[in-house]
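Visitor: I would like to go through this model with you, one question at a time. Please give the reasoning before each answer.

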Amino acid sequence: MTSIKPTSRVIIVVASLILVAGFFVPLWQILMWAPQYPEGLEMDIWYNDITGDVKIISALNHYIGMKHIEVGMFPEFQYIVYIIWFLIGFGLLVAISGKRFMVWLNAGVLLITGAAALIDFYLWGYEYGHSLDPTAAIIVPGMSYQPPLIGTKVLLNFTAFSGPDLGGWFFVIAFCLVILVIILERFFFNWKKT
Amino acid sequence: MKRKTIYRSLFLFGTLALVSILFQLCKPKGPAEVTTGNAASQAYVAPGKYDEFYNFVSGGFNGQMNVYGLPSGRLFRIIPVFSEDPTSGYGFSEETKPMLNTSHGYVPWDDLHHPALSTTNGEHDGRWVFGNANNTPRVARIDLKTFRTAEIIELPNSGGNHSSPFITENTEYVVAGTRFSVPMGDKTDVPISTYKENFKGTISFISVGKEDGKMKIAFQIKTPGVNFDLARAGKGPSHGWFFFSCYNTEQAYTLLEVNSTQKDKDFIMAVNWKKAEEYLAAGKGEKAKAKYVHNWYDEKTHTATSEMLNEVMQLDPTVLKDMVYFIPCPKSPHGCDTDPSGEYIVGSGKLAALIPVFSFTKIQQAIASKEFEGDFGGIPVIKYEAALHGEVKKPGLGPLHTEFDANGNAYTSFFVSSEIVKWNVKSLEVLDRVPTYYSIGHLCVPGGPTRKPHGKYVIAYNKITKDRYLSTGPELTQSAQLYDISGDKMKLILDFPTTGEPHYAEAIPASLVMPNSVKIFKIEDNNHPYVAKGESKTNVERKGNQVHISMTAIRSHLTPDNIEGVKLGDEVYFHVTNLEQDWDVPHGFAIKGANNAELLIMPGETQTLKWKPLTTGVFPFYCTDFCSALHQEMQGYIRVSPANSNIPIKFSTGKTEAPAGATGSK
């Protein structure tokens, strides 16, 4: 078992603690524009909350039969916080143990969590966009309103954008830092040995 | 190896950072601002020059009719119609109070949604503009010689006069369709849940005097209980027919937002009013008891009269056949507009994802060959396909209203997608679209609803203003946009604020209106009972506890300006005649503590302010309209003495006397 260098340990600790910042900033954002909303509408997804113009968005969407967005429709919020604390703890454990394979494991765990979050978000978006009230005032035949996973999509009179917010970028940075450690360990710190 | 890897790693992270930055930058910025080339010069009307069109814009919840110039977007006048106006004294002066009388008593406010300019042979003639009161159902006629409300008629058996005041080709009739169906007749105290059984709609046809414009409810057609929304008369080949959009054919009486939007199709109701006239002439109408008022303003006496009427003629289409038909129309139709040729009827389902266009010829064929899919409330329903000319596919979201140009094109407003879409009436092909700021309701093309549209512009009257102008707190002005439609592409040339909440508007060439505009009222024609046609005719007269003051106003004094002998408990009537006979020299009149408003008196006119003093003392009155260099000198006093005093009536102007009761020095 190869141990990692102290620099790497520090980077891993930073990568773990960066996730703490995610408690103070939103993870993901959905932005919407329409001709009559030139200033745009914003919805921010946090580890365990949804904020922004949620009420306005829900009020608009109810005409086409979409559900009211509320915290209760995300059971994930119940346990996402624990997952984050686990990721942080696991990162610290990696730093303490200092084992190289643990770094790989850390990268894997982060990747899987990120991917799972995206899949979960996609599934929610699919359900939200497709499960429409059949008694809605406006029914456009063949139209569904799934928000974009990442990027921009035009939905009737709205242009919707979906992408990571600060917290999401922190997550990306955390993952990148772990990858950086792997690169450093593989090619630089131990290059003499290889 | 090492160096290469460093570069590679740097490159990897650099790319990652760049991608994430680009990703953030690539977020859409929202709709782009419209830039326009020589727009300013197109909407510019040089100082001292006139606008090409008058734009009569409904005031919505201000209850008035607003007059703008086009293309400048300048506001010229707010004509008081259904709401009192302290500025002019409309609804406050004794002469105008009867105008706002209804079967519910004096109603100081209403909601005016749609103007309709009078037409001859389907073209604007510039004589009158009609307006509807949406809340307490009424129709008003405004005389375009004076730009004043000349007449108001109330509508019995109506609950919310929205589908109004659209007119027939030669202004034979102004219609009034009820928005709310209501229980009527003797049985009006019924449970709301008995809507289907007890609630009925009515469409009133108000005849308009050929010369004097006098309005009279010629007949009402009883209909099943639904909500009538808008209407248009047929023209040319379809003259003799009228088309009404109706929604809530679900007959819901609660949470209409959900319960009235369930059916895929509601109806356009086609009424053969020539047939109705035949039935009426044949004595097939039924007189029904009703209580409604008819108010009119006499320009000679400068006084309004309110008359209570007690019956109305009704026609029942379930008994009188071949008069009324329903045509299915997708999802809660709002606008129902006939094109200049009179052949096409455009139904705008406000929740529909397409615009159906019906053909008058096909409707006639369908009726002749009885292509009915059933009946609704005893009235035949024509098969949708049998009446349909075609559908405009994917035009936009939330179509509301359609106006036309002279080249066979239609312009439809879309509330939800906030745009105007231009399409060809025959080919049903979408030609162009422009955004509006924001969420357009009605739109107007000069002459758009007539047989000969003038085209040139389309104006968007929007429901949402937001950031278009300097902010004024939570309550904002309304926003309108003027687009040039002379080319293939619609072009935004002006953004202008509007007052009240404009719904529909019509525009007419200034040349049809301005030459007839009255400048003064002739004093010799003034038949007001308390007119003083000269200062020598002024008078103060006691009639019991009423004191009538016939006063004159001329630059720069009021006669009399010293009045005594009024006692506490008296009702004082200031009948003020403006003796000026020169254009644009109104005088105003106000007195301290009056519990109503001012008078604004045009040259040659007499208006009356009622004043009931509550304390003794001397009260000043003055002219409120800056009339001359010595306007500030145009003032007077009235003395109020205790009820039991024996001060005689005394009045004068320019008379100075030794102080009464002065006894000299001892």
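Visitor: In which loop of chain B does Lys466(B) lie?
Guide: This is a predicted model, and within it Lys466(B) has a positive phi near 50 degrees although the residue is not glycine. Lys466(B) is partly exposed, with a relative accessible area of 26%. Its place in chain B is the loop between β32 (457–462) and β33 (478–484).

Visitor: Is Thr171(B), which has a positive phi, buried or exposed?
Guide: Thr171(B) is not a glycine, yet its phi is positive at about 55 degrees, and the residue sits in the loop between β10 (159–163) and β11 (173–180) of chain B. The cut-off for burial is under 20% relative accessible area. Because Thr171(B) has a relative accessible area of 2%, the residue is buried.

Visitor: Which residue does a cis peptide bond join to Arg555(B)?
Guide: One cis peptide bond, with omega of about 15 degrees, joins Leu70(B) and Pro71(B), where Pro71(B) belongs to the loop between β2 (65–70) and β3 (75–79) of chain B. Another cis peptide bond has omega of about 0 degrees and involves Arg555(B). Its partner lies in the loop between β37 (546–554) and β38 (557–559) of chain B, and that partner is Ser556(B).

Visitor: How many residues apart in sequence are the parts that Arg138(B) and Asp110(B) tie together?
Guide: Arg138(B) and Asp110(B) form a salt bridge in which the closest N and O atoms are 2.8 Å apart, and both residues are buried. Arg138(B) lies in strand β8 (residues 138–143), whereas Asp110(B) lies in the loop between β5 (105–106) and β6 (112–120), so the pair links parts of chain B whose separation in sequence is 28 residues.

Visitor: What is the relative accessible area of Glu501(B), which meets Lys463(B) in a salt bridge?
Guide: The N to O distance between the side chains of Glu501(B) and Lys463(B) is 3.2 Å. Glu501(B) is in the loop between β34 (491–498) and β35 (505–509) and Lys463(B) in the loop between β32 and β33, so this pair ties together parts of chain B that are 38 residues apart in sequence. Lys463(B) counts as partly exposed at 24% relative accessibility, whereas Glu501(B) is buried, its relative accessible area being 16%.

Visitor: How far from Asp339(B) is the nearest side chain of opposite charge?
Guide: Asp339(B) is found in the loop between β21 (333–338) and β22 (344–349) of chain B. Leaving aside neighbours within four places in sequence, the contacts of Asp339(B) are Lys235(B), Tyr344(B), Phe404(B) and Val425(B). A salt bridge needs a side-chain nitrogen within 4 Å of a carboxyl oxygen, and Asp339(B), although buried, has none, since the nearest side chain of opposite charge, that of Lys235(B), is at a distance of 6.8 Å.

Visitor: Which strand gives the most residues to the largest nonpolar core?
Guide: The largest nonpolar core has 30 residues, and those with the most contacts inside this core are Phe205(B), Ile221(B), Phe242(B) and Phe244(B). The strand that gives the most to this core supplies 4 residues, and the strand in question is β15 (residues 227–233) of chain B.

Visitor: What accessible area do the residues of the nonpolar patch that includes Leu149(A) have together?
Guide: Leu149(A) lies in the loop between α4 (100–130) and β4 (151–155) of chain A, and the residue is partly exposed, with a relative accessible area of 31%. Its companions in this surface patch are Ile119(A), Tyr122(A), Leu123(A), Tyr126(A) and Ile150(A), and the accessible area of the patch is about 560 Å².

How values were computed
Residues are numbered from 1 along each chain as its sequence is written. Chains are lettered from A and ligands numbered from 1 in the order in which they are written. This is a predicted model: local features need pLDDT of at least 70, side-chain atom pairs count only at pLDDT 80 or more; totals for chains, interfaces and linings use all residues. Side-chain values use heavy atoms; hydrogens and water are left out. Patches are made of residues with over 30% relative accessible area and no salt bridge: like charges are joined within 9 Å, nonpolar side chains (Val, Leu, Ile, Met, Phe, Trp, Tyr) within 5 Å. Accessible areas come from the Shrake-Rupley method with a 1.4 Å probe; for residues, only the protein chains shown count as cover. Helices (H or I, at least four residues) and strands (E, at least two) are DSSP runs, numbered from the N terminus. Buried means under 20% relative accessible area, exposed over 50%, partly exposed in between (1.4 Å probe, protein chains only). A nonpolar core is a set of buried Ala, Val, Leu, Ile, Met, Phe, Trp, Tyr and Cys residues joined through side-chain atoms within 4.5 Å. Lys and Arg count as positive and Asp and Glu as negative; His and the chain ends are not counted. Contact means heavy atoms within 4.5 Å.
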